[in-house]
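User: I would like to go through this model with a few questions about its pocket, its sheet and its helix packing. Please reason briefly and finish each reply on what was asked.

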Amino acid sequence: MSSLYPDESYCTSDLGRILYQLKTDWSCNASVTSISEEKHLGGSHTVYTVEIECTPVANHLANDFSHRIFLLNTRFKEMTKLHSAISKLHKQLYLRGTFPIFPPAKLIGSADPAVVQERRHAIEACLNFVFDSEVLRKSRLLHEFVEKAKEKTYTAHEVTGHEVFYDNSSSILDQPNNNSSDSDSPNHVSPLEPTHEQVSPTC
């Protein structure tokens, strides 16, 4: 299987389709926005939440599209595998630039704050280096990695900066129609006029 996707049809996610575009069309930037400790039966591990912001920079896109943000959770172990594979691809293809160095794995002290921050900066440096490469953005391994990313959704408060309240205590159907005439009211019954057949003939 090829290390690079030959065309956009191979992309299976919205983020992947954006990354496949030229970086002069879509600029992508990664930052670790939160770090948490996830406990399990075998112990615990650190989860890094990565926010990937994609911004249309080409004039023909900026007028029709707004920036999009994707979130994904990853572990240092997963990032180490991605770093190893893509740095090898970078070397094989003789691409320009120096691929960022990744910190070595630690059996003891991996939860130390200094170690966590070092790994955080390494994750950001690795992803942003890849996002800045027209070739590596088409890497199959990168696209498989970002498949789990979910697009960030916004609440009305986040969009407007104000709290939004909805009054569900009454329905528009319950409101009186002041513009309607009495004849339109369901409670108003007009007396029936006798038809010609109902009028008794006079003697």
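User: What is the volume of the largest pocket?

Analyst: This is a predicted model, and the totals for linings use all residues. The largest pocket is lined by 15 residues. Its volume is about 330 Å³.

User: Which element gives the largest share of the lining of the largest pocket?

Analyst: Among the 15 lining residues, R75, F76, K106, S110 and R119 lie nearest the centre of the pocket. The elements that give two or more residues to this lining are strand 2 and helix 3. By class, the lining has five nonpolar, five polar and five charged residues. The largest share, four residues, comes from strand 2.

User: In what order do the four strands of the open sheet stand?

Analyst: Strand 1 (residues 26-40) pairs with strand 2 (residues 43-56) over 14 bridges in the antiparallel sense, and a hairpin of two residues joins them. Strand 2 is also joined by seven bridges to strand 3 (residues 68-74), again antiparallel. The four strands form an open sheet with antiparallel pairing, in the order 1-2-3-4.

User: Why is one side of strand 1 and of strand 4 left without a neighbour in the sheet?

Analyst: The strand order in the open sheet is 1-2-3-4. Strand 1 and strand 4 (150-151) therefore each have one side without a neighbour, because they stand at the edges, each with a single partner strand.

User: Which residue in strand 3 stands opposite V50?

Analyst: Strand 2 is bridged on both flanks: to strand 1 over 14 bridges and to strand 3 over seven. Towards strand 1, the bridge partner of A30 is I52 in strand 2. Towards strand 3, V50 stands opposite L72.

User: What angle does the direction of helix 4 make with that of strand 1?

Analyst: Helix 4 (residues 113-131) packs on the sheet, where it touches strand 1 and strand 2. Its direction and that of strand 1 make an angle of about 150°.

User: How many nonpolar residues are in the contact of helix 3 with helix 4?

Analyst: Helix 3 (residues 76-92) packs against helix 4 at an angle of about 35°, with the axes 11 Å apart, and the crossing is left-handed. From helix 3 come F76, M79, L82, H83, I86 and H90, which meet R119, I123, C126, L127, F129 and V130 of helix 4. By class, the contact has two polar residues, one charged residue and, for the class asked about, nine nonpolar residues.

Conventions:
Residues are numbered from 1 along each chain as its sequence is written. This is a predicted model: local features need pLDDT of at least 70, side-chain atom pairs count only at pLDDT 80 or more; totals for chains, interfaces and linings use all residues. Side-chain values use heavy atoms; hydrogens and water are left out. Axes are lines fitted to C-alpha atoms, for helices over the stretch in contact, and angles run from 0 to 180 degrees between N-to-C directions. A crossing is left-handed if the near helix is turned anticlockwise from the far one by less than a right angle, and right-handed if clockwise. Contact means heavy atoms within 4.5 Å. Ala, Val, Leu, Ile, Met, Phe, Trp, Tyr, Cys and Pro count as nonpolar, Asp, Glu, Lys and Arg as charged, and the others, Gly among them, as polar. Two strands pair if DSSP finds at least two bridges between them. On a 1 Å grid over the protein atoms alone, a cavity is a set of points where a 1.4 Å probe fits but cannot get out, and a pocket is an open set with protein on both sides within 12 Å along at least five of seven lines; lining residues have an atom within 4 Å of a point. Grid points are joined across faces, edges and corners, and a volume is the space filled by probe spheres set on the points.
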